Amino acid sequence: MSTSTSSFNQQQYQFRDYTFIAGGFDSRSNNVDTRLFSTATPPTDNAALKELLTATPAHPNNNIPPHITERALMEPKLYQISPHPLYLIKKRIEDYFKVVGHNVNSDEGFVSMDSMAPIVTLEANFDSLLIPQDHVSRSPSDTYYINDEYLLRCHTSAHQVQLLKQGHRQFLCTGDVYRRDDIDRSHYPIFHQMEGVKVFDEDATEEQVLDDLKATLEGLAKHLFGAEAECRWVEEYFPFTDPSLELEVFFDGEWLEVLGCGVMRPEIVKNGLGKGDSDTLPRAWAFGLGLERLAMILFQIPDIRLFWSDDERFWKQFSEDMAMDGSATFQTYSKFPPVYKDVSFWLKKNENDVVTFHPNDLLDLVRGIAGDLAENVEMVDQFVNPKTTLESQCYRITYRSMDRSLTNEEIDELQENLRSKIESALADKVELR
Ligand code: FA5
Ligand code: MG
């Protein structure tokens with residue numbers, strides 16, 4: 001398994017899994033426009049927010065396919081259903097933070113929240129975190145927009161400022177998050193993150209905060225995977241933290257990224273604490289971890305699609321009282337053969353001579369048609385016709401079911417559907433070959 005198996009990961013589309021790192025701006029500049037901070041708090045009435053999601057006709061900016069809407073409306077969330085592995089891992093992390101919370105100079109431990117609606121404002125998801133206007137994560141090729149004000153959150157960091165404003169100083173916040181992303185074993189358009197934030201006294205130094213953050217998360221990794229687990233820190237960049245780090249854990253022969261974290265930018269903390277005008281530099285750390293990635297490592301779950309399975313051969317392997325020390329590993333109930341199909345097309349250019357196709361346009365169609373039968377999509381060929389200067393791309397789709405054998409006929413039908421969907425939905429972007 002790899003966090004970047006698709007070839008379109010590697011060059012021009014290098015930002016997969018690094019949504020908040022890439023972007024053509026000066027990462028370390030202090031050129032922060034504090035006007036970005038609005039005083040409005042996002043609506044919290046879930047019913048009203050859900051109405052937004054299903055409003056018809058959809059706003060012209062709406063790029064959310066029905067299979068995503070359906071899951072966004074799903075209740076309860078997977079991590080709220082016992083004994084789903086996401087439920088178990090969330091509980092295990094909360095247990096750890098109960099202990100850590102008592103160790104710090106605070107009479108209040110970490111508060112854990114897990115039912116904030118996944119629909120948030122652009123302000124909460126981006127502006128409140130100082131994510132620049134030209135940042136790639138704001139692109140509709142990466143993020144699911146409802147209209148020009150609301151979107152499906154692409155990370156739980158969207159709630160940092162909101163929760164600080166509510167008065168929380170040490171908290172965990174779990175939620176479903178949404179990204180137009182790769183199709184492979186460790187990426188899924190809906191996954192679950194847990195955010196953690198801890199605010200320090202004014203006299204804490206950046207170094208103290210960073211040391212506490214690293215010790216806390218190393219402790220968490222040991223708590224989850226045992227003292228022998230192989231972990232490493234990688235320097236990273238996020239617009240909302242400085243310094244920033246990612247933690248990787250060795251799993252299945254490769255380093256798998258499990259979380260991003262860092263010392264929060266003081267402007268953001270000040271805004272959250274309502275101290276925007278003061279000269280103080282309040283310090284806090286924050287992290288955002290991927291629950292699926294941690295559960296995959298802990299239980300040796302080989303494919304992220306399994307979390308959505310309703311097959312009892314999956315469910316019956318988990319229980320509230322099972323060992324959580326890494327000894328209880330998931331038994332793959334069977335390996336069914338994959339079926340490979342290729343699709344090739346020319347990338348059209350618009351009136352400004354620019355290609356408008358993005359691989360995520362294709363991936364959404366594949367997910368919409370094949371659902372969880374789509375295991376992997378990767379670009380296998382690419383060339384430019386010197387006469388027409390048009391680029392051709394060929395994608396290989398791996399179809400495989402987690403719980404049964406697929407017939408040739410059904411895959412042929414899916415592939416035929418996909419081709420006609422490409423012809424209709426992407427008519428102005430590509431031309432099938
Ligand atoms: C973030 O989302 C930042 N908000 C994390 C953060 C929070 C940094 C607070 C600093 C302070 P990133 O895009 O790297 O960062 O995602 C965080 C984690 O989510 C990843 O490490 C990975 O575990 C998980 N993840 C990301 N994309 C996917 C995906 N498509 N499928 C499953 N898990 C994913
Ligand atoms: Mg990352």
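Helix H6 carries a set of buried residues, namely Val 209, Leu 210, Leu 213, Thr 216, Leu 217, Leu 220, Ala 221, Leu 224 and Phe 225. Looking down the helix axis, these buried residues sit within an arc of 140°, so they line one face of H6. That fits the usual helix geometry: with 3.6 residues a turn, residues three or four places apart point the same way. The length of H6 checks out too, since its 20 residues (206–225) should span 28 Å at 1.5 Å a residue, and the end C-alpha atoms are indeed 28 Å apart. Just past the end of H6, Gly 226 takes a positive phi of about 90°.

All of this comes from a predicted model, and confidence varies along the chain. The average pLDDT is 87, with 88% of the residues scoring at least 70. Residues 1–42 are another story: pLDDT stays under 50 there, although the model still gives this stretch 115 contacts beyond four places in sequence.

Zooming out, the chain has eleven helices and 13 strands. Of its 433 residues, 55% are buried. Among contacts with a separation of 6 or more, 72% are between residues 24 or more positions apart.

As for the interior, the largest nonpolar core holds 69 residues, and the members touching the most others are Ile 93, Phe 97, Leu 152, Leu 289, Phe 299 and Ile 301. Setting aside residues up to four places away in sequence, Leu 289 touches Ile 93, His 192, Gln 193, Met 194, Leu 220, Val 258, Leu 259 and Leu 294. There is also a second, separate core of 28 residues, with Val 120, Leu 151, Phe 171 and Leu 273 among them. Leu 220, one of the residues touched by Leu 289, is also one of the buried residues of H6.

Two individual residues round out the picture. Gln 393, in strand E12 (residues 391–399), is buried, with a relative accessible area of 0%. Its side chain joins that of Tyr 395 through a polar contact of 2.5 Å. Pro 266, by contrast, lies in helix H7 (residues 266–273) and counts as partly exposed because its relative accessibility is 22%, where buried would need under 20%. Apart from neighbours within four places in sequence, Pro 266 is in contact with Leu 281 and Pro 282. The C-alpha atoms of Pro 266 and Phe 240 are separated by 9.1 Å, with the two residues 26 apart along the chain.

Technical notes. Residues are numbered from 1 along each chain as its sequence is written. Chains are lettered from A and ligands numbered from 1 in the order in which they are written. This is a predicted model: local features need pLDDT of at least 70, side-chain atom pairs count only at pLDDT 80 or more; totals for chains, interfaces and linings use all residues. Side-chain values use heavy atoms; hydrogens and water are left out. A nonpolar core is a set of buried Ala, Val, Leu, Ile, Met, Phe, Trp, Tyr and Cys residues joined through side-chain atoms within 4.5 Å. Buried means under 20% relative accessible area, exposed over 50%, partly exposed in between (1.4 Å probe, protein chains only). Contact means heavy atoms within 4.5 Å. pLDDT is the predictor's confidence in each residue, from 0 to 100. Helices (H or I, at least four residues) and strands (E, at least two) are DSSP runs, numbered from the N terminus. The expected span of a helix is 1.5 Å times one less than its number of residues. The arc is that of the directions from the helix axis to the C-beta atoms. A polar contact is a pair of N or O atoms within 3.5 Å; within protein, one must be able to donate a hydrogen and the other to accept it, and residues adjacent in sequence count only if both atoms are side-chain atoms.
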